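Subject: A structure to look through

Dear colleague,

I am passing on a structure that I would like you to open and read alongside my notes. Please keep the sequence beside you as you go, so that you can find each residue as it is named.

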Amino acid sequence: MTLSFSIHVRKPANKLSLPKSDCLVLGLFEEGPMTGVALHVDEATRGLVSRLMKAGDFDGKVGSTLLVPEVSGLDASRLMLVGLGQQKELKEKVYQKAAKEAWRALLQRNLEHVTFTLGEVAVPGCTSDWGVGVATQALRYEAYRFTQTKSKPEEKRSTIKRVVFTATQDSEKAAKVVVKKSIALANGTDLARHLSNLPANVCTPTYLADTAKQMAGEWGIKAEVLGMKQISALKMGAFLAVARASAEEPKLIVLQYRGAGAKEAPVVLVGKGITFDSGGISLKPAEGMDEMKYDMCGAAAVLGTVRAIAEMKLKLNVVAIVPTCENMPGGNALKPGDVVTSMKGVTIEILNTDAEGRLILCDALTYAERFKPAAVVDVATLTGACVIALGHHNSGLFSSDDTLADQLLHASRVASDRAWRMPLDEEYFEQFKSKFADMANVGGRPGGSITAACFLSSFAEAYPWAHLDIAGTAWKGGAAKGATGRPVPLLVQFLVERAEAKQ
Ligand code: BES
Ligand code: MN
Ligand code: ZN
């Protein structure tokens, strides 16, 4: 990626002295007198901005854009106006929409150098560097393209090479820091999106493990990949039961990022890595089954998160555990009615082979105990029921630990990667009663995302634990089909805040 970001301090602040660029991006409110950089641009262009607004060619509505080619009086050959709506209604979401639409419009042009001034807009309740961070992430998010499996990329690639954010003297330092962090976050998010979007015939458990190892090597992270033999030796009977009908070997990926002292208990992230979920013998219907290549988005998010915090050099110990395999039908497949023994020794009656996520995760959660974790967060595209409950905007957050739940909710708000807490009352556990084993692997349709979380919780009693069901948020279907990289922003923010809390 040859995209660079820098900060330019406008001094003296009452004059427009900017580096040369192909486009100057300017935010404007719907009404009210122009201030700050807008006023300077209007003056430098001899009232062009005022005239465009007066004539109704630009109305300042949130997210509207107008590209003015061939402007004179500026150190830029073009001017892009971006609507910020009513000044009194400016809030985070408004700014985020404006930044997103600005980049979308800019990415359609053949621009290389962009000067972006929206970061100077003061958003109530936000620090002065917040807008620059949001703009950096928004560009990287919008510029992402998946091309690996196209012989000729159809979609236009970004031509943007250099972005200069304007800032005031006192916000320069913070802005530089936030740009660096945002790039690290974007790199992690891109990795998660890329792995998620890969088809299942490319992104196999072995491919995922090789990618994890390579990434770990690049960032000085300890990596271990356990294969069939070692997983069997660990007696991960639930994990192996899911993997058994696939021609692909299952893998248990373990990464250990050491950002703090050896004695400090790590945060363990566990990601569901089903590279394809056919449902197994409890086969899924054909329609939309292709989307089950996304059943490893939890794994991808965990790997992306580790990459991001490594680039940030976060002072925290973090372990990533990724159980990865395919869920396939076959002559030797797991069958409804089978009873399997988990690593913990708990026997499980399989009533539906499509409830496979919890089976691979329960053994990973038991494995996590050996790290004596300060906290464990698992991330999984676990249930269709979670999509019914929360739709596509909030991930489901489940935890019996209020402190950990609050930390994750706080991080989700700061990162604009929303999660909503769901219940875990003990009454739900009754739905798992089995005549033939210690428990069944499904608890019926009512509260399907809750019972799935309850199932996991009984394997996570040795440490503070939370579970994120990302079935509705990790990817988009329809015309906008593709991975979102969620919840990398939430997880990274959570870890950043944990690292800060120690100091
Ligand atoms: N990977 C699916 C969950 C899923 C389904 C995510 C649709 C996103 C969209 C999971 O393995 C699964 O199949 N869950 C079953 C559980 C049921 C059999 C108890 C489900 O949600 O239907
Ligand atoms: Mn399934
Ligand atoms: Zn699944």
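Below are my notes on the ligand, followed by a few places in the chain.

Please bear in mind from the start that this is a predicted model.

The ligand comes first. Ligand 1 sits in the second largest pocket, where 16 residues surround it, and the closest of these are K284, D295, D354, E356 and G384. If you sort the residues of this shell by their character, you will find that seven are charged, five are nonpolar and four are polar.

Some of the surroundings can be described atom by atom. An oxygen atom of ligand 1 lies 2.8 Å from an N or O atom in the side chain of E356, and a polar side-chain atom of D277 is 2.9 Å from an oxygen atom of the ligand. With L382 the backbone takes part, since one of its N or O atoms lies 3.5 Å from a nitrogen atom of ligand 1. Taken alone, ligand 1 exposes 520 Å², and the protein buries 77% of that area.

The next place to look at is Q86, which belongs to the loop between β4 (78–83) and α3 (92–107). Apart from its neighbours within four places in sequence, Q86 is in contact with F29, E30 and E31, and the side chains of Q86 and E30 are joined by a polar contact of 3.5 Å.

Two details of the backbone remain, and a general remark helps in reading them: most residues other than glycine have a negative phi, and most peptide bonds are trans. In the loop between β3 (65–69) and β4 you will find E70, whose phi is positive, near 55°, although the residue is not a glycine. Further along, R486 and P487 are joined by a cis peptide bond, with omega about 0°, and P487 is placed in the loop between β20 (482–483) and α14 (488–502).

With best wishes

Notes
Residues numbered from 1 in each chain as written. Chains lettered and ligands numbered in written order. Predicted model: local features only at pLDDT ≥ 70, side-chain atom pairs only at ≥ 80, totals over all residues. Heavy atoms only, no water. Helix = DSSP H or I, 4+ residues; strand = E, 2+ residues; numbered from the N terminus. Polar contact = N/O pair within 3.5 Å; in protein donor to acceptor, adjacent residues only side chain to side chain. Contact = heavy atoms within 4.5 Å. Near = heavy atom within 4 Å. Areas by Shrake-Rupley, 256 points an atom, 1.4 Å probe, with all protein chains shown as cover. 1 Å grid on protein atoms, 1.4 Å probe; cavity = no way out; pocket = protein on both sides within 12 Å on 5 of 7 lines; lining within 4 Å. Sits in = over half its atoms within 2 Å of the grid points. Nonpolar A, V, L, I, M, F, W, Y, C, P; charged D, E, K, R; others polar.
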